Amino acid sequence: MLSRRRFMRFAAAGAGAILVSPHIAFASVETERRFVFVIQRGAADGLHIVVPYADPAYARLRGPIAVDVAGATKLDGTFALHPSLVHTAKLYEAKQALFVHAIASPYRDRSHFDGQNVLESGGSAPYQVKDGWLNRLTQLLPPSRDSAIAFAPTIPAALRGKAEVSSYAASTLPPAPDDLLMRVTQLYDQDAQLRPLWQQAMTARGLANDAGARQDPAGIGKLAGGFLAKPNGPRIAMIETGGWDTHSAQMPRLAAQLKALDTMIASLRENLGPVWNQTTVLVATEFGRTAAVNGTNGTDHGTGTVAMLFGGAVQGGRVIADWPGLGQADLYQARDLKPTASLDAFIAGAASEGLGLDPQRTHAQLFAEANAPKPMTGLVRA
Amino acid sequence: MAIETANAAAIALNRFGLGARPDEAPPADPHGWLVAQFDRYAPLPAAWSSQPTSVAIAQQAAEQRMQALHDPASTADTDSAANARRAVNQMLRREARDTYREAVDARIVSALDTPAPFVERLVHFWANHFAVSVDKGPVAGIAGSFEMEAIRPHVLGRFEDMLVAVEQHPAMQLFLDQTRSVGPDSLAAMRAAERSPGVKRGLNENLAREIMELHTLGVRTGYTQQDVTEFSRAMTGWSIATAQGRRPDAQPPGTFIFRANLHEPGARTILGRTYDEPGVDQALAVLSDLAAAPATANHLATKLARHFIADTPPQQSIDRLAAAYTRSKGDLRTVYRALIDEPQAWSPANAKFKTPWEWAVSALRGLGWRDLGGMHGAPLLTQLGQPVWRPGSPAGYDDIASSWAAPDALVRRVEVAQRLAARSNQAHDPRSLGTALFAGTLGTQTATAVSRAESTTTALALLIVSPDFQRR
């Protein structure tokens with residue numbers, strides 16, 4: 001019986017030059033920086049997360065679901081942070097967290113699936129661009145490395161594209177015997193679709209040894225942190241979160257959602273250790289929600305929302321907002337927070353500065369189709 | 001058997017059906033075999049007949065709640081009343097989970113044992129088109145009954161009938177927040193405003209939007225935010241009877257009811273047409289027009305073509321299916337016949353990468369299972385990455401390879417294959433099984449790998465994870 005380590009070597013040899021062993025694959029590292037994209041699927045309500053408590057219309061619009069700022073951290077004279085975001089508040093105080101409010105992608109309708117497609121592809125319209133901006137970002141790094149890993153059983157759209165990526169999610173099944181794995185390696189060798197996928201899987205398994213992650217927020221943060229902290233590990237990661245589509249019972253649901261997000265970020269930071277100072281974490285959603293509460297103590301699909309940035313080198317401790325106001329005449333289509341900031345510009349700036357890349361060039365590579373204004377800069381220290 | 005016929009037989013079994021079984025001979029007339037299934041299909045087969053209806057589930061929950069809360073021990077003081085409420089809620093959640101698991105098993109056994117695997121596949125297709133997700137607590141116990149009551153009886157009928165059954169089912173109403181949507185100028189809203197002026201009750205447009213975007217017209221087909229809002233006004237009053245509250249409904253809990261006092265009064269204008277029907281008929285008239293719309297024909301034709309032909313299906317095939325839908329006024333048998341007659345659907349290349357559900361069902365069938373032998377289906381599908389009735393979003397699960405053909409997903413399949421193979425009937429010769437499951441068209445590479453495996457278990461596992469078996 002082969003040991004797993006020896007099997008990895010065997011599989012590498014058996015598949016020829018394409019499958020290189022993890023150690024060699026991760027050797028050619030040009031940047032020590034890390035970039036993590038956390039997507040909030042379902043349209044997270046920015047007005048509930050970074051609360052514009054000083055806007056006179058807020059309490060009136062939100063009524064029973066207005067966040068009580070008595071228990072919240074005041075970020076400045078206008079905004080307060082939801083009370084569930086305990087660790088986030090500490091990061092803000094340490095100037096390692098910043099928020100951009102009234103932000104949106106170029107998408108202006110209200111379908112989750114189209115909105116997520118625009119956010120992840122980086123186009124200006126749904127399905128206009130076939131690959132994801134995170135994959136194109138990966139292509140700006142040295143090509144010889146397997147440098148992106150998705151913490152999900154399948155590849156999310158933002159990471160799909162030309163650059164090879166790997167996915168990993170903790171399995172509760174007993175592992176298949178090495179003999180079977182070896183035979184599968186041989187069987188897939190002539191299959192153009194399955195061969196590269198299988199090789200990625202075997203490489204990720206080698207990396208994940210002893211990661212021991214569970215699928216809870218702290219576990220996901222630990223797993224991601226463990227991977228990213230390795231000197232020869234990946235540099236770019238994407239984490240998918242769901243449950244943000246709060247058409248009803250928004251108060252308790254978002255309290256729990258935000259607590260989970262807060263826990264995950266805290267655990268990520270803890271497990272990155274000193275590497276936190278070279279890491280940038282961007283959190284974004286496809287669009288926001290209606291400014292007013294709906295008939296069922298929730299909110300319906302909207303437009304402008306909030307995006308977040310965390311990391312040891314982030315120029316944090318501030319909320320960036322050209323605040324449009326919540327008066328009836330100030331709302332987008334008389335119902336949503338009007339977007340005054342471009343999510344594409346924010347992503348381009350944060351990703352480029354976070355990875356030490358040129359902002360203009362990164363912007364052109366990521367959002368060529370979206371006609372976004374120039375990248376937002378001054379977000380992350382060099 | 002001539003090679004063309006053998007190919008067509010394999011396609012009928014594996015692409016249109018749910019995967020070949022070793023104990024069923026390949027069809028001599030593949031087209032005829034598919035059409036004949038319309039008469040063989042049972043809406044309520046043995047596996048499903050033991051499952052509780054949504055009304056029975058709601059009624060039982062109401063009785064248990066009543067008993068627990070009227071127990072003298074639980075009404076002694078406010079603390080014990082709160083404790084009793086917590087305890088009964090916990091018990092009901094546990095029971096809902098058990099009901100869910102049993103319904104998943106029923107769905108799988110029905111798929112293993114059916115005499116009409118093509119029609120059974122279409123049930124799965126429509127259940128995913130009209131997706132509900134057990135992520136939402138109240139849906140957990142009734143997702144199975146949703147498929148049994150709203151999808152299965154209508155899979156060979158008119159699309160509009162399925163649409164109405166779906167939108168009136170408690171699972172869909174609860175999943176998309178319909179039951180508490182209130183017309184802003186309805187009687188109920190006005191009375192509530194008198195009682196407590198601070199409390200705002202109003203519309204929830206979730207269900208109306210997803211009906212237009214996902215169930216009928218499709219996204220970006222020309223409807224506006226105003227159409228969505230108007231439709232959600234027309235839908236107000238559509239609700240589900242409950243036994244809770246101060247004034248329980250007269251109807252049994254879990255049944256669809258129209259609450260006139262929640263309905264927004266007045267005519268509605270949607271997509272340029274005015275609807276002045278009274279009460280429940282208003283939204284029914286809208287649904288009828290949505291079902292008949294050309295955009296709906298195109299949307300449904302695209303999804304069917306994607307399911308049976310390719311991730312990006314040829315436009316001509318979509319057009320022919322849409323024409324059949326429109327010509328027959330949404331008669332689904334006519335659409336399925338057009339699909340069977342569609343030359344592209346018989347292309348010898350297997351363009352579709354199986355979803356985890358398709359793979360698991362075809363693997364169990366291929367290994368000769370007719371029941372689950374004490375195993376449970378729900379955790380199996382969760383491990384494979386596609387938990388049954390839990391797509392998380394109302395769009396349902398994707399039907400394209402890039403969503404499923406991923407590194408970790410392949411590893412899961414290999415792990416499950418090993419376990420299923422080890423528990424399967426080892427009396428099959430893996431080599432002849434390979435011939436049988438592909439009607440003699442198995443690729444030589446897989447055949448060689450299977451024949452060289454060191455044990456029957458490894459050979460069976462290799463067969464069901466082979467490139468040939470991953471696609472249909």
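Biologist: Is the crossing of H12(A) and H13(A) left-handed or right-handed?

Modeller: Good place to start! The model in front of us is predicted, and in it the crossing of H12(A) and H13(A) is right-handed.

Biologist: How do I describe a pair of helices like that?

Modeller: Two packed helices are described by the angle between their axes and the distance between the axes. Here, helix H12 of chain A covers residues 343-355 and helix H13 of chain A covers residues 359-366; their axes come within 9 Å and cross at roughly 125°. An angle over 115 but not over 145 degrees is called oblique, so H12(A) is oblique to H13(A).

Biologist: Which residues of H12(A) and H13(A) make the contact?

Modeller: From H12(A) come A:Ile347, A:Ala348, A:Gly349, A:Ala351, A:Ser352 and A:Glu353, while H13(A) brings A:Pro359, A:Thr362, A:His363 and A:Leu366. Sorted by class, the residues of this contact are 5 nonpolar, 4 polar and 1 charged.

Biologist: Let's turn to strands. How many residues of strand E1 of chain A are buried?

Modeller: For burial, we count the other C-beta atoms within 10 Å of a residue's own, and 20 or more makes it buried. In E1(A), residues 34-40, 7 of the 7 residues are buried. Look at the two faces in turn: A:Arg34, A:Val36, A:Val38 and A:Gln40 are on one side, A:Phe35, A:Phe37 and A:Ile39 are on the other, and both sides are covered.

Biologist: Which strands does E1(A) pair with, and in what sense?

Modeller: One partner is strand E9 of chain A, residues 279-285, which pairs with E1(A) in the parallel sense over 7 bridges. You can find this pairing by looking at A:Phe35, whose bridge partner in E9(A) is A:Thr280. E1(A) also runs parallel to E8(A), joined to that strand by 6 bridges. There, A:Phe37 has A:Met238 as its bridge partner.

Biologist: What about backbone angles? Where does A:Ala249 lie?

Modeller: A:Ala249 sits in the loop between strand E8 (236-241) and helix H11 (250-272) of chain A. The feature to notice is its positive phi of about 45°, although A:Ala249 is not a glycine. This residue has 13 other C-beta atoms within 10 Å, so it is partly exposed.

Biologist: And what is phi of B:Arg220 near?

Modeller: Phi of B:Arg220 is near 55°, a positive value, and this residue is again not a glycine. Look for B:Arg220 in the loop between helix H11 (206-215) and helix H12 (225-235) of chain B. B:Arg220 counts as partly exposed because it has 14 C-beta neighbours inside 10 Å.

Biologist: Now the two chains together. How many residues of chain B are in contact with chain A?

Modeller: 46 residues of chain B are in contact with 46 residues of chain A. Several helices of chain B each supply at least two residues to this side, among them H19 (401-404), H22 (444-452) and H23 (456-465). H20(B) gives the largest share, 10 residues. By class, the side of chain B that touches chain A has 19 nonpolar, 17 polar and 10 charged residues.

Biologist: Could we zoom in? Which residues is B:Thr446 in contact with, apart from its neighbours within four places in sequence?

Modeller: B:Thr446 is found in helix H22 of chain B. Its contacts are A:Leu187, B:Gly434, B:Leu463, B:Ser466, B:Pro467 and B:Asp468, leaving aside neighbours within four places in sequence. With 19 C-beta neighbours inside 10 Å, B:Thr446 counts as partly exposed. B:Ile464 is 18 residues from B:Thr446 in sequence, and their C-alpha atoms are 10.0 Å apart in space.

Definitions and conventions
Residues are numbered from 1 along each chain as its sequence is written. Chains are lettered from A and ligands numbered from 1 in the order in which they are written. This is a predicted model: local features need pLDDT of at least 70, side-chain atom pairs count only at pLDDT 80 or more; totals for chains, interfaces and linings use all residues. Axes are lines fitted to C-alpha atoms, for helices over the stretch in contact, and angles run from 0 to 180 degrees between N-to-C directions. Helices (H or I, at least four residues) and strands (E, at least two) are DSSP runs, numbered from the N terminus. Angles under 35 degrees count as roughly parallel, over 145 as roughly antiparallel, 65 to 115 as roughly perpendicular and the rest as oblique. A crossing is left-handed if the near helix is turned anticlockwise from the far one by less than a right angle, and right-handed if clockwise. Two residues are in contact if their C-beta atoms, placed from the backbone, lie within 7 Å. Ala, Val, Leu, Ile, Met, Phe, Trp, Tyr, Cys and Pro count as nonpolar, Asp, Glu, Lys and Arg as charged, and the others, Gly among them, as polar. A residue is buried if 20 or more other C-beta atoms lie within 10 Å of its own, exposed if 12 or fewer, and partly exposed in between; C-beta atoms are placed from the backbone. Two strands pair if DSSP finds at least two bridges between them.
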